[in-house]
Amino acid sequence: MSTRIDRRFAALKTEGRAALVTFITAGDPDYDTSLKIITGLPKAGADVIEIGMPFTDPMADGPAIQAAGLRALANGQNMKKTLKLVKEFRKSDNETPIVLMGYYNPVYVYGVEKFLKDAKSAGVDGFIIVDLPPEEDVEFCIPALNAGLNFIRLATPTTDDKRAPTVFHNTSGFVYYVSVLGITGTKTPDLKSVKANVNRLRKHTSLPICVGFGVKTAEQARAIAKDADGVVVGSALVSAVEKSLTKAGKPTSKTAKAVHALVSEIAQGVRS
Amino acid sequence: MNVTTPNSFRTGPDENGLFGIYGGRFVAETLMPLILQLEQAYKDAKADPSFQAELDSFLEHYVGRPSPLYFAERMTEHLGGAKIYFKRDELNHTGAHKINNVMGQILLARRMGKKRIIAETGAGQHGVATATACARFGLECIVYMGEVDIERQKPNVFRMMLLGAKVVPAKSGSRTLKDALNEALRDWVANVEDTFYCIGTVAGPAPYPEMVRDFQSVIGRETKAQMLKREGRLPDSLIAAIGGGSNAMGLFHPFLDDKDVEIIGVEAAGLGLKNKTKHAASISGGKPGVLHGNRTYLLMDDDGQIIEGHSISAGLDYPGIGPEHAWLHDMGRVQYLSATDKEALEAFQLCCKLEGIIPALEPSHALAQVMKIAPTKPKDHLMVMNMCGRGDKDIFTVADILGVKL
């Protein structure tokens with residue numbers, strides 16, 4: 001069965017270019033503003049949209065995404081509202097793939113079966129659950145695949161040739177290569193190492209490989225797009241949200257525009 | 001609950017790091033190869049008699065083990081029921097049980113060739129113990145501690161600095177123990193080659209709950225031998241305080257298959273269990289979830305967001321509990337009760353006056369339950385409470401509450 005994610009990457013392959021994958025935290029700084037941001041992403045140049053599900057204890061995220069999650073939670077964001085956000089986005093766009101990204105506890109508490117059912121009917125295509133390694137596949141990955149949804153795995157510099165088959169075994173949609181050792185948005189990827197690792201991982205999977213963690217500029221995106229099938233930008237966009245806020249943390253008329261402008265700029269890099 | 005009683009309560013975890021449904025390895029992929037490497041290294045060390053011999057030697061000559069099993073005569077007379085013994089782990093080097101586990105993990109880190117040690121700490125006891133062992137072996141030591149806790153526990157922060165450790169404030173989230181754990185995990189992800197993460201309690205991804213339990217089980221093994229020598233039989237009941245649950249697991253584990261021994265864990269009820277944000281009793285007031293690498297009982301809201309625990313004792317205000325405790329609760333082998341801030345404070349003061357022992361606020365919670373249960377038992381009932389830490393670190397907190405200016 002082909003999903004929106006499969007169709008999008010197939011189309012981009014025909015076009016001969018890499019995908020721009022954009023990450024935004026749901027409900028940051030509030031529900032309405034994040035809906036406005038997400039709705040405008042495809043036009044700004046996003047090919048795949050990752051939506052962060054806020055969590056109090058995001059152990060793989062750097063300060064920017066941590067703060068975004070806490071802003072969203074403080075303004076009443078929760079799992080139900082995150083699914084509602086996807087549903088509303090789908091009213092204007094039925095093609096752009098949506099991947100929910102986050103941590104397992106809110107999903108577990110929601111109830112895995114119910115969550116998969118509600119996410120699918122809202123128009124979600126896949127999931128990245130950071131704290132579910134292959135060793136815990138029975139928890140959520142297998143049920144998600146059975147529901148016809150993609151489970152996208154993170155591969156990292158510690159994913160050596162011995163471990164790679166385990167990591168890719170139940171992966172679908174695409175592979176998210178974490179370009180640095182560390183948390184989101186704190187280090188700058190070393191382009192040589194990214195190239196070597198992407199090429200190494202290709203021996204283990206035929207899925208598209210997208211590269212993220214620390215990509216901030218059009219220049220970096222352009223360089224990475226030469227070797228990878230997609231470039232993921234997250235912390236830079238979330239920081240753009242933060243910078244546009246008032247001192248009290250309220251959104252301004254610039255908030256959505258700032259994010260869309262940055263996405264357009266990086267999209268130019270990916271496409272050139 | 002309809003559960004089948006296993007033949008033994010001491011065989012867990014299984015090969016997936018599970019105690020029933022609890023435990024597991026819920027970590028980011030970057031850490032997974034390290035977790036598997038650690039698991040193997042611990043397995044090898046456990047099977048190597050020279051590792052245990054080296055650990056035993058340090059426990060005897062550096063930590064000061066065995067710790068006494070002391071008959072608390074005046075407490076017994078005062079309560080008028082069970083014969084009360086204290087397992088005196090507060091007499092260990094650095095003043096608490098934490099060092100038992102730290103010595104084990106640091107020897108393992110040395111065996112693995114790791115030169116940089118990271119740890120999280122709440123009240124600072126595990127941080128001090130880790131800094132101590134790192135000083136002893138000349139290892140670099142970085143301790144993550146919530147900004148709020150740094151303010152509350154200044155003497156321990158200075159101790160760590162004297163011992164050569166770097167104390168890094170955790171500034172994210174609620175800026176307490178759970179956030180210090182998050183920061184330590186973030187550090188580990190970024191420094192996978194040379195770094196060993198020394199976790200302070202029986203929680204975290206497998207193999208930590210098992211490994212920390214094994215290192216702390218020296219408490220229960222000694223208690224068993226000492227009680228047999230002293231009274232010619234096993235105790236009738238065991239009582240210990242629980243934050244993450246390492247001192248309790250250390251005392252309980254060797255006794256889990258002695259079916260006549262009643263086992264009681266005491267969580268921190270803070271200002272009372274009715275107010276969701278004012279206690280730290282994960283079993284009595286929480287539900288199963290996944291955090292910090294394992295599934296266990298957690299304090300959280302309906303959306304699965306973690307709620308910060310509260311307790312008068314900074315060592316107990318963690319919003320989770322070790323996964324083996326979660327399983328022992330579901331199986332009904334261990335009974336989990338709680339004690340409020342007020343009850344713990346009363347027990348603290350009584351212990352000072354009757355026994356000449358200033359207990360830490362953590363075991364004061366266990367003592368508060370001893371005060372309730374001991375009077376209901378006959379005089380030949382042998383009760384052991386784990387005096388897992390001394391109260392020097394807590395005198396400022398207590399003075400503050402009693403309205404005394406130091």
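**Chain B: two domains and a partner**

In this predicted model, chain B is split into domain 1 (18-59 + 98-212) and domain 2 (66-95 + 217-401). Each domain is thus written as two stretches of the chain. Taken over C-alpha atoms, the centres of domain 1 and domain 2 of chain B are 22 Å apart.

A good place to begin is the meeting of these two domains. Their contact involves 38 residues of domain 1 of chain B and 33 residues of domain 2 of chain B. On the domain 1 side, two or more residues come from each of S2, helix H4 (98-111), helix H5 (125-137), helix H6 (147-152), helix H7 (154-162), H8 and helix H9 (208-216) of chain B. S2(B) provides the largest share of this side, with five residues. Sorted by class, the side of domain 1 of chain B that touches domain 2 of chain B holds 18 nonpolar, 15 polar and five charged residues.

Chain B also meets a neighbour, chain A. Here, 27 residues of chain B are in contact with 33 residues of chain A. On the chain B side, at least two residues each are supplied by strand S2 (22-26), helix H1 (32-46), helix H8 (177-190) and strand S11 (287-291) of chain B. H8(B) gives the most to this side, namely six residues. The side of chain B that touches chain A is made up of 13 nonpolar, nine polar and five charged residues.

Two elements of chain B are worth following through both contacts. S2 and H8 of chain B are among the elements listed for the side of domain 1 that touches domain 2, and S2 and H8 of chain B are also among those listed for the side that touches chain A.

Key:
Residues are numbered from 1 along each chain as its sequence is written. Chains are lettered from A and ligands numbered from 1 in the order in which they are written. This is a predicted model: local features need pLDDT of at least 70, side-chain atom pairs count only at pLDDT 80 or more; totals for chains, interfaces and linings use all residues. Two residues are in contact if their C-beta atoms, placed from the backbone, lie within 7 Å. Helices (H or I, at least four residues) and strands (E, at least two) are DSSP runs, numbered from the N terminus. Ala, Val, Leu, Ile, Met, Phe, Trp, Tyr, Cys and Pro count as nonpolar, Asp, Glu, Lys and Arg as charged, and the others, Gly among them, as polar. Domain bounds come from an automatic or database domain assignment.
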